[in-house]
Amino acid sequence: MYQIYCTSLLIISALFISSNTCAQTENNSEKESVQINHYLRKVKTDTLVFPGDPLLPENFLIQFPDSLYNSTKIEIKKYIISNIRGIKGLLRSENKTFSKVRFQIKGHRRARKFRDQLLKSLKMSKKQLEKADIIDVNGQKVNFRYDQSGRYHYFLFYLKEG
């Protein structure tokens, strides 16, 4: 009889502790953001990703349910866009929407090819892109910045704040 009492007391205690832990986890998930860091070796695509585009986890081989996190950081070592190689990608998302996209390209010729692909995607001229700090991407205002350091070219897109 004493064993049954102890066993039932132990089970009730375990259920009480687990229910409190689940309630605290739910409260904490509402208060703070949970970020997932994801790394991919190679991605090949024909379309560019821009801020404001929805994050589709299956396209980036993310296997966690999207209810577990609300922001992502995806690093791509070899991002091949329309047969342009030598691109590294860094994609950040918040609430299942891309908020910041950076393309790092090594080499002047590749950067020129990437820029031409970018102009084609945005339906802009070279002069318009050079003058623009804020560009319109699918009806969304996106900040744009271009930097060059030696042979490396950086194309940075992020959502306009405010």
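Of the 162 residues in the protein chain, 32% are buried in this predicted model. The accessible surface of the chain amounts to about 11400 Å², and carbon and sulfur atoms account for 51% of that area. The chain holds three helices and seven strands. Read from the N terminus, these elements follow the order α-β-β-β-β-α-α-β-β-β. Contacts that reach far along the sequence are well represented: among those between residues at least 6 apart, 57% join residues at least 24 apart.

A good place to begin exploring the interior is the largest nonpolar core, which has 35 residues. Within this core, Phe60, Phe103, Leu118, Ile135 and Phe157 touch the most other members. At least two core residues come from each of the strands E1, E2, E3, E4 (97–106), E5 (134–137), E6 (140–149) and E7 (152–159), and from helix H2 (108–122). The most generous contributor is H2, which gives five residues. In soluble globular proteins, nonpolar side chains tend to be buried together.

Phenylalanine 157 offers a closer view of this core. Beyond its neighbours within four places in sequence, phenylalanine 157 is in contact with Phe103, Leu118 and Ile135, among others. Its further contacts include Phe50, Pro51, Val101, Val142 and Phe144, along with Ser99, Lys100 and Asn143.

Polar residues are found in the interior too, and serine 93 is one to look for in strand E3 (residues 87–94). With a relative accessible area of 3%, serine 93 counts as buried because this value falls under the 20% cut-off. Its side chain makes a polar contact of 2.5 Å with the side chain of threonine 72. Apart from residues within four places in sequence, serine 93 is in contact with Leu55, Asn70, Ser71, Thr72, Phe98 and Ser99.

Aspartate 53 provides a charged example. This residue sits in the loop between strand E1 (35–45) and strand E2 (71–81). Aspartate 53 is buried but has no salt bridge, as the nearest side chain of opposite charge, that of lysine 123, is 12 Å away. A polar partner can be found in the backbone instead: a polar atom of the aspartate 53 side chain lies 3.0 Å from the backbone nitrogen of phenylalanine 50. With neighbours within four places in sequence set aside, aspartate 53 is in contact with Leu48, Thr97, Phe98 and Asn138. Phe98 thus appears in the surroundings of aspartate 53 and also in those of serine 93.

Definitions and conventions. Residues are numbered from 1 along each chain as its sequence is written. This is a predicted model: local features need pLDDT of at least 70, side-chain atom pairs count only at pLDDT 80 or more; totals for chains, interfaces and linings use all residues. Side-chain values use heavy atoms; hydrogens and water are left out. Helices (H or I, at least four residues) and strands (E, at least two) are DSSP runs, numbered from the N terminus. Buried means under 20% relative accessible area, exposed over 50%, partly exposed in between (1.4 Å probe, protein chains only). Lys and Arg count as positive and Asp and Glu as negative; His and the chain ends are not counted. A salt bridge is a side-chain nitrogen of Lys or Arg within 4 Å of a carboxyl oxygen of Asp or Glu. A polar contact is a pair of N or O atoms within 3.5 Å; within protein, one must be able to donate a hydrogen and the other to accept it, and residues adjacent in sequence count only if both atoms are side-chain atoms. Contact means heavy atoms within 4.5 Å. Accessible areas come from the Shrake-Rupley method with a 1.4 Å probe; for residues, only the protein chains shown count as cover. A nonpolar core is a set of buried Ala, Val, Leu, Ile, Met, Phe, Trp, Tyr and Cys residues joined through side-chain atoms within 4.5 Å.
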